[in-house]
Amino acid sequence: MKRQNYDGVVLTAPVSVPYVRYSQETAHWWIARALKQVLDTAGMAPRELDGFSVSSFTLFPDTPVGLTQHLGLSPRWLDSIPMGGASGVVALRRAARAVQAGDVDVVACIAGDANRIDSFRQLLSSFSRFAMDASYPYGSGGPNASFALIADSYMAEYGVTREDFGRIAVAQRSNALHYPNAIMKSPLTLEQYLAARPISEPFGLFDCVMPCAGAEGFLVMREDEAQRRGLSYARISATIERHNAFPEDPVQLRGGWVMDIDELYEMAGCGPDAIDLVQTYDDYPVISMMQFEDLGFCAKGEGARFVREHDLTIAGDFPHNTSGGQLSAGQAGAAGGYLGLVEAIRQVTGQAGPTQVTDAETALVSGFGMINYDRGLCSSAAILKGAR
Amino acid sequence: MSDKLAPPKKKNPQLRQRVPTLPPQMRSRAALGLTAAAARGVFSLQHCEECGAVKYPPRDACCSCLSVSLDWRETDRTGVVISETRIHVSPDPYYRERLPWRSGLVRLSAGPTVLCHLHGDVGRGDTVRMDLKLDKAGQGVMIALPEKRSPDMEDDEQLRSLTAHPKHRRVLITDIRAPETRALIDGLLAAGASQIFVGESESWRRGSDHAAIAALDRVSVLPLDVSDPSSVKKLAAEIGGKTDILINTARHVRPGGVLGADTVFAREELEINALGLMRLAQAFGPGMASRTADGVNSAVAFVNILSVHALSADPQYGAFSASQAAALSISQTLRAEFRTSGLRMINVFTGPTDDEWHQPLPPPKVPPKALAKSVVEGLCEGLEDVFCGDVAKDLEERWRRDPKVLERELAGGGA
């Protein structure tokens, strides 16, 4: 059956609460901050909001149900998206269909996480059952070690060098210098990238994200509602989502996007050439490179060449992770799965300020999440178009 | 090739001794199947009883056919390393002290991809032999070993952390009179033990082995009577701080059932075989448990030799069987109590040994050399339960299958 389009539903009120490396504040606090800002932007009172979608790793012992009482909301539509780096696009997919069907008028999609001293270690050791049983006991390197194993295979298979990954990290740092909320404030050279201390070989320091606390959010509503409130908004051209793709692959050299990418472009009615900017999920540069291939910007195994031949900075011919991505802006838990989406809404609605890509109309956002054992299980992507 | 492990330097008493920490020990119930297999040195993974697929990590349902009938079976150990990493940063206190640490992905011939520890001699592209071992937390973990034995491969730091290898370690054997003691000494010295202390009770009546053993290089005979609390404490005060492996060979055996026998023999058997173990553990255990992270010659294992009839009584040795069951139970409690330190409790179960107290029994019986070999193997491989000899192996298998049937068979009268 042909999929229905998302006509009449829009994304608006993109909000990023500035990240902090370590914070005593709880996930509730961070989510409250983002929620307040999206509602203020739309001129709504909390009691008016009838839809709420939450992504967070650190709400325990609460769930989004507890949050409704904690924050004074009475929604008729409530969602919890525990998909890490894929959360943003998945939240928007769920919310958009609910708004389209009339089950709800306005959904606030919020991701936020705390980062106290030692909370990262505790999160890693009990991240999933397979991680607890079969990956964490083997050196306890966390995702750095698991993705290093993927990177090692990927480099050997396609002849990729650390320098190729470095180009992605260096370009993102250059973008981050324009993004006021980025945690990383100093420039990064390719030499510095290559000389960095090893974390989990082949990864060095600048292959890895900085865990921090923070929150991101946006609203999903009908187009007429956004117009009535005088909000600038983005339309949803197409979305995809996939979990546990290619389970028979011995090691993850491709993500779930490969299964669904044709449908994404077909639904959007355009190809990769029509994309003005790309926000990939960059827990590691190797994963961004994999997305360039799997999202159709180049053939499999051509990622390194693609990176060498393009300028990935804001002013370049392939603007990528314009806020610096998680590698330079920081990884605020599940908010890392929103960072690119929120930045993409700002970009196509012309609200990105110092990171604004000239004439940005169409953005592709991809998500990737949840290294349950040896690979990331969730993949998602969306194409957004600005309506100005 | 692994670097040859150098003997430890003399300890500087002013430096702080490294305190014991454990690698992550939380596991799901299904994953304990790995621990159970590692404890006895077999390589078992879950096999789906319906579709035959081999599955890893351990789970509750087959991801090929959704059957919930998953059976732990011995599995082909071969695989190929498809990627490797050297971890330099970890938030875990145990690994932080041991970085860098190598791990890798191995594609097993049996199907699944396994994330495992890598022995220093293997890397990406190599065909490897997989092993399941108990780590310091007492949990089963996978390590990829070279396909063929390489010289000094047991010296690899990551492998050594998973075994109780005697090399450069100091060992106490508690009873010079046990028939297997001499063979044990020889085996331990051959495996590289640096010093062996041998306990001798009633030193005034020396056995025929005394002179030969006392004359050995790196071996000293010291007074020890496990039935005497002050004797045990005295020896612990003297050598407890340098006992890295304790092998309890002291035991008292008298044939006879329960009805006809005097309780004097039973009391003696419990005194030596069960309470003796408790005394040794109380005197030596805490000191050993505090030294499990103390470098090359850290304390590593407490070995107990038990009759396999600890599992199910031999009515011809009624009181003795009872003392063995008691000792097994005590060893399980000790294992739990040593858990936080990483000190390993090894039980070596043997069939009837070839000595004067088992003289009326028909063969097969366990020669002292075979028993000694099992003990040294248990240490070198880092096992928790070792079954020595055909009788013990046969009895273990029958016990696993059905303890009640075994009990009836041991009572005699089977066809």
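## A tour of chains A and B

Start with chain B: select strands E1, E2 and E3, which form an open sheet in the order E2-E1-E3 with antiparallel pairing. Strand E2 (54-55) and strand E3 (70-74) of chain B stand at the edges with a single partner strand each, so one side of each has no neighbour in the sheet. Keep in mind as you look around that this is a predicted model.

Now zoom in on strand E1 (residues 44-48) of chain B, which runs antiparallel to E3(B) and is joined to it by five bridges. To see one of these pairs, show Leu45(B): its bridge partner in E3(B) is Arg73(B).

Next, move to chain A and colour it by secondary structure. You should find 14 helices and 11 strands. The radius of gyration of chain A is 19 Å, close to the 21 Å that the globule rule gives for 388 residues, so chain A is as compact as a globular protein of that length. Along the principal axes, its C-alpha atoms fill a box of roughly 55 × 45 × 45 Å. Of the 388 residues in chain A, 58% are buried. Among contacts in chain A with a separation of 6 or more, 79% are between residues 24 or more positions apart.

Select residues 51-55 and 77-80 of chain A. These are strands E2 and E3, and they pair in the parallel sense over four bridges. Look for Phe52(A), which stands opposite Leu78(A) in E3(A). Then add residues 64-71, helix H2 of chain A: together E2(A), H2 and E3(A) make a right-handed β-α-β unit.

Helix H3 of chain A, residues 87-101, is the next stop. At 1.5 Å a residue, its 15 residues should span 21 Å, and the end C-alpha atoms are 21 Å apart, which agrees. Show the side chains and you will meet many buried residues, including Val89(A), Val90(A), Leu92(A) and Val99(A). Just after H3(A) comes Gly102(A), with a positive phi near 85°.

Finally, bring both chains into view. Where do they meet? In all, 33 residues of chain A are in contact with 33 residues of chain B. On the chain A side, helix H4 (119-125), helix H5 (129-135), helix H6 (142-158) and strand E5 (198-200) each supply at least two residues. Select H6(A) in particular, as it gives the most to this side, with eight residues. Colour the residues of chain A that touch chain B by type, and they divide into 17 nonpolar, 10 polar and six charged.

Methods. Residues numbered from 1 in each chain as written. Chains lettered and ligands numbered in written order. Predicted model: local features only at pLDDT ≥ 70, side-chain atom pairs only at ≥ 80, totals over all residues. Expected span 1.5 Å × (residues − 1). Buried ≥ 20, exposed ≤ 12 C-beta atoms within 10 Å, placed from the backbone. Contact = placed C-beta atoms within 7 Å. Nonpolar A, V, L, I, M, F, W, Y, C, P; charged D, E, K, R; others polar. Rg over C-alpha atoms; globule rule 2.2 N^0.38 Å. Pairing = 2+ DSSP bridges. Right-handed = clockwise from strand over helix to strand, strands pointing away.
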